[in-house]
Amino acid sequence: MSIKQEQNIREVVSRFEKALSGFVESEQGRECDVSETYFNHAVAKAARRYTKNYLEIHSFAQLFGSQKLPDLSSIYILQKFQPHTSIRNFNSVNELEEAFTRDLQRSNHSKGSNLIGLNIANEEEYLTILGHPAVGKTTFLKYIGLEALHYPDSRYRHEVLPVFLKMWKFCRNTDTLLQAIAEEFNKAGFPFSQQLALWMLEQGKLLILVDGLNEAVLSQTHLSQHVQDFVKTYPKNRYIVSSRLASYQNSLGQFLEVVLQPWGDLHVQEYIHKWFAIAYESEVIDESMSSISNATSSSPKSKQDLASEEAQRCWKILQLHPIAKELAKSPLCLSLLCLLSDRRYSFPSNISGLYQKAIHLLFEEQIVKNQLQNNEGEQSLSTDILDLILTEIAYKGFELRQNLFSLEEITEHIQTILSSCTVDLQKLEVEFVLKVLQQMGICRLTNLNTSVSLVFSHITFQEYFVARYIYNHGKVRQLVPNHLSDRRWQEVFLLLAGMMVGNTEELLLCIESQAFDYINTNRLRDILDWLEQITINSTGNLKNVAKRIASLFLARPRFLSELATALVLTRMLGIARDLYETFDLSINFSKIFESDLSMSLAHALDFDSETELNLTLQLCSNIEQSLAPINFDSRYINFMAVNTRLESLHTQVPSYDQAFEVREEFRQKISRIWLKTLYLPSDLNQISHQEVESLENYLYANLLMVKCKKTAIAVSLKTWEEIESRMLRIIRD
């Protein structure tokens with residue numbers, strides 16, 4: 001250990017001692033009554049162990065294909081964010097009002113749309129980091145945690161001690177953040193870890209990093225409520241929570257939500273140069289590559305020169321490969337692309353191909369390495385058996401919502417697989433197989449409480465092997481009906497689509513068929529019928545499917561009495577917007593979203609009737625402007641007529657001191673004018689919460705189908721045109 005590292009550890013120990021000063025005195029007479037001398041000695045010892053453990057687990061980055069674990073600081077790229085305006089679920093009107101007020105206050109001192117991660121972490125006490133799979137959410141939390149650990153010699157400005165909590169460990173409803181924090185302290189040997197955790201939380205001494213909200217087995221609704229309640233109980237601490245964007249549907253109350261932006265060209269270039277600089281510090285890589293490079297050079301080249309040349313070559317090839325260049329915006333994908341480039345492999349055609357090539361390469365290299373050691377009984381190891389083991393484990397766990405596998409469970413599972421293999425493979429030792437799997441970096445053994453468990457090093461690897469299992473076993477027809485509406489399976493669908501070379505149409509047609517099952521009531525069928533009839537004579541220069549999707553923003557049920565249903569409808573339109581943008585980009589729906597949220601809030605908070613009428617007029621204007629590219633037939637969609645009839649209600653507006661029933665009747669007048677003038681189904685606003693969820697699932701299924709098509713290597717043009725022509729339509733025999 002270097003002198004600087006030792007000094008850093010001593011400084012952290014001192015901070016723990018300072019944070020816990022007064023603890024013994026406050027606990028006198030309770031169960032943890034203890035002498036101050038003993039306590040101080042135990043705290044110093046435990047704080048040292050906690051710091052070393054934290055650094056060992058969180059201060060290194062994984063470099064696939066290399067035995068070296070570089071410092072995170074040596075490869076970390078500053079990440080940027082943009083504010084996220086989400087349509088969230090709220091548990092009460094008060095919670096909605098709080099969120100609305102907070103968002104309004106933040107908008108008054110807008111931070112812009114290109115936020116530096118460290119700056120926003122310094123400014124915000126409660127922060128939610130959202131992003132697509134493998135874009136660096138965990139890495140950002142690790143980076144901020146390390147900066148906090150090294151306070152005051154760091155760029156994180158708050159004197160708090162970091163606690164890093166992995167949410168895949170939350171498997172039971174009894175699991176709590178308090179319990180998880182206490183366990184982290186207990187592992188380091190802190191005395192009275194539960195009471196100590198409470199003390200530090202009450203004093204506001206912690207930075208709590210909650211990583212992967214979407215990876216927990218528990219429901220997102222339950223977890224979101226638990227996080228909110230915990231923050232309200234211990235508000236003095238600082239919190240950063242990460243989650244996949246697709247899984248985030250429940251508000252975390254006071255948290256500012258930001259989305260991690262994909263990397264741009266400068267980030268990609270910087271990472272490539274850092275990757276090769278670190279990789280070429282390895283003597284094995286240096287020797288193998290220098291023999292290639294120096295064969296055409298009269299003078300030996302240094303490691304730095306070789307690394308720079310290879311980085312430039314990788315970047316140059318990336319520019320010639322649009323698909324790989326797009327994949328490179330994700331740090332994990334870029335790391336695998338660097339590995340393929342370094343080993344002289346070609347770049348893949350989609351993300352499934354990237355994982356397949358990179359994982360197969362890691363398999364091969366590890367097998368060759370072990371075969372060179374010439375250990376008897378281990379020569380039969382093959383890529384096939386490793387692939388079989390991981391696909392079986394991954395699928396079984398994912399079906400059971402299980403990300404963590406006990407060592408006993410894994411051992412038994414591998415033994416069962418080996419026993420069904422050829423005689424040579426049966427000679428393999430389970431311990432040897434586990435060692436090989438760990439050395440590749442795809443999964444690792446971890447200590448959890450008093451037991452050892454196996455976990456995939458990144459959830460995307462598990463999702464890849466789940467897709468492999470489904471593909472290998474022909475389970476597409478079981479997958480779709482069982483998991484189509486479950487956002488947790490989204491990446492599995494996309495990875496599977498990329499694997500199904502030659503028969504992706506089977507997956508797409510299965511999704512289409514299952515999606516239509518969500519349109520299971522007359523009211524929902526009426527909505528789709530209206531979309532087709534109202535767009536069939538429109539003259540805008542858009543695809544018909546794009547017109548139908550955009551028109552849903554006009555057909556959206558409004559003036560609902562239930563806030564929860566109104567919010568789900570608005571969130572549903574978020575999916576519709578994403579679906580629309582896969583076909584066309586000429587319409588911006590932002591103003592419609594703003595109007596719908598304002599109207600939902602106005603009704604939930606019982607605003608006066610004049611305000612509600614004005615908000616409806618504003619909605620009419622925003623929809624007319626936004627949907628202008630559709631160019632509706634004015635015989636059916638005449639916004640001037642809607643506006644005129646709504647304006648005529650100004651003389652009938654009841655005062656706020658009149659009975660609620662009177663004001664509610666006025667609201668129904670607004671609703672009737674809206675429905676009748678736009679020729680919308682008369683019972684549209686009687687839509688049930690269950691129907692709204694069905695419509696949301698229908699749109700999500702269509703969006704997923706389009707994404708699967710884009711991920712696939714090849715799809716029959718005729719088949720896709722037929723599918724597209726049926727989207728958001730009722731097809732009758």
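## A guided tour, from aromatic pairs to unusual backbone

The structure holds 32 aromatic pairs, a pair being two rings of Phe, Tyr or Trp (for Trp, its six-membered ring) whose centres lie within 6.5 Å, with planes under 30 degrees apart counted as stacked, over 60 as edge-to-face and the rest as tilted. This is a predicted model, in which local features need pLDDT of at least 70 and side-chain atom pairs count only at pLDDT 80 or more, while totals for chains, interfaces and linings use all residues. Residues are numbered from 1 along each chain as its sequence is written, and side-chain values use heavy atoms, with hydrogens and water left out.

**Aromatic pairs**

Select F16 and F190, whose ring centres are 5.2 Å apart with planes at 35°, so this pair is tilted. F16 belongs to helix α1 (residues 3-19) and F190 to the loop between α8 (177-188) and α9 (193-203), so the pair ties together parts that are 174 residues apart in sequence. Helices (H or I, at least four residues) and strands (E, at least two) are DSSP runs, numbered from the N terminus. With a relative accessibility of 0%, F16 counts as buried, and F190, at 3%, counts as buried too; here buried means under 20% relative accessible area, exposed over 50%, and partly exposed in between (1.4 Å probe, protein chains only).

Next, select F23 and F39, where the ring centres are 5.1 Å apart and the planes stand at 25°, so the pair is stacked. Since F23 lies in helix α2 (residues 23-27) and F39 in helix α3 (residues 36-58), the pair ties together parts that are 16 residues apart in sequence. Both F23 and F39 are buried.

For a wider view, select F64, Y355, F405, F456, F461, Y464 and F465 together, which form one aromatic cluster.

**Helix α17 and what follows**

Move to helix α17 (residues 383-399), whose 17 residues reach 24 Å from first C-alpha to last, close to the 24 Å expected at 1.5 Å a residue, where the expected span is 1.5 Å times one less than the number of residues. Of its 17 residues, 12 are buried, so α17 is largely enclosed by the rest of the structure. Among the buried residues are T383, D387, Y395 and F398.

Keep F398 selected and add R488, which lies over the face of that ring at 4.2 Å from its centre; a charge sits over a ring if NZ of Lys or CZ of Arg is within 6 Å of the ring centre and within 35 degrees of the ring normal.

After α17 comes R401, found in the loop between α17 and β8 (404-406). Its phi is near 55°, a positive value in a residue other than glycine, and at 29% relative accessibility R401 counts as partly exposed.

**Other backbone features**

Select A134, in the loop between β3 (126-131) and α7, which has a positive phi of about 60° although it is not a glycine. A134 is buried, with a relative accessible area of 6%.

Then show Y151 and P152, which are joined by a cis peptide bond with omega near 10°. P152 is in the loop between α7 (137-149) and β4 (161-166).

**Residues and their surroundings**

E215 is placed in the loop between β5 (206-211) and α10 (220-233) and, at 18% relative accessibility, counts as buried. Leaving out residues up to four places away in sequence, E215 touches M167, W168, N403 and I459, contact meaning heavy atoms within 4.5 Å.

S609 is in helix α29 (residues 609-626) and is buried, with a relative accessible area of 6%. Apart from neighbours within four places in sequence, S609 is in contact with V653, P654, R663 and F666. Stay on R663 and add Y656, because R663 lies over the face of this ring, at 4.6 Å from the ring centre.

D683, in the loop between α31 (660-677) and α32 (689-711), counts as partly exposed at 27% relative accessibility. To span the model, draw a line from D683 to L201, which are 482 residues apart in sequence and 52 Å apart in space, C-alpha to C-alpha.

**Zooming out**

Finally, show the whole chain, whose secondary structure comes to 33 helices and 10 strands. Its C-alpha atoms fill a box of roughly 85 × 70 × 55 Å, taken along the principal axes, and 54% of the 733 residues count as buried.
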